[in-house]
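Trainee: I have a model with a ligand bound. Can you walk me through the site?

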Amino acid sequence: MSIFTKIITGEIPSYKVAENDDFVAFLDINPNAKGHTLVVPKKEENKIFDLSKEAYASLMDFSYDVAKAIEIAVPCKRVGMSVIGLEVPHVHVHLIPINIMADMQFVQKVSLTHEEFVGLAAKIASKLG
Ligand code: AMP
């Protein structure tokens with residue numbers, strides 16, 4: 001069972017931003033930038049291109065709405081998107097508010113307090129339709 005499945009089942013906590021029957025979005029715990037969010041299918045699958053085309057399209061559709069909300073909630077030049085999965089083998093889309101290329105490089109990290117995570121998650125959630 002992946003760590004993200006444990007988040008989905010409520011076994012471990014997360015700073016949740018959005019949820020529907022098939023997907024959940026929560027803040028990355030070790031963010032590249034403030035507002036760095038992960039969008040995760042509830043059905044555990046390892047690699048994104050093992051998803052059906054339909055599931056892939058649904059993931060992108062849900063990610064679109066979350067990205068729009070991040071763009072409104074978090075000051076940034078744009079929202080970058082990345083899929084890696086080398087650390088957690090459970091499909092997830094990284095949505096990252098970026099200002100410079102380094103924000104997409106997973107090298108420089110920002111540390112946030114619990115209160116900052118809570119505030120960011122609530123602010124992004126409030127911008128969802
Ligand atoms: P990767 O699998 O390489 O795409 O990276 C996995 C991402 O998941 C990293 O950015 C981690 O900081 C993030 N991550 C790992 N565990 C948690 C967690 N419990 N809650 C939120 N994000 C996490």
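**The pocket and its ligand**

Mentor: Helix H1 contributes three residues to the lining of the largest pocket, the most of any element. Helices are DSSP runs of H or I with at least four residues, strands runs of E with at least two, numbered from the N terminus. This is a predicted model: local features need pLDDT of at least 70, side-chain atom pairs pLDDT 80 or more, while totals for chains, interfaces and linings use all residues. Residues count from 1 along each chain as its sequence is written, and side-chain values use heavy atoms, without hydrogens and water.

Trainee: Where does the ligand sit?

Mentor: The test is that more than half of its atoms lie within 2 Å of the grid points of a cavity or pocket. By that test, the ligand sits in the largest pocket.

Trainee: Which elements give two or more residues to the shell around the ligand?

Mentor: A shell residue has a heavy atom within 4 Å of the ligand. H1 gives the most, with three residues. The elements that give two or more are helix H1 (3-8) and strand E2 (23-27).

Trainee: Which residue has a polar side-chain atom 2.8 Å from an oxygen atom of the ligand?

Mentor: A polar contact is a pair of N or O atoms within 3.5 Å. Val88 makes one at 2.8 Å, but through a backbone N or O atom. Leu86 also uses a polar backbone atom, at 3.4 Å. The side-chain contact at 2.8 Å belongs to His94.

Note on methods
A polar contact is a pair of N or O atoms within 3.5 Å; within protein, one must be able to donate a hydrogen and the other to accept it, and residues adjacent in sequence count only if both atoms are side-chain atoms. On a 1 Å grid over the protein atoms alone, a cavity is a set of points where a 1.4 Å probe fits but cannot get out, and a pocket is an open set with protein on both sides within 12 Å along at least five of seven lines; lining residues have an atom within 4 Å of a point.
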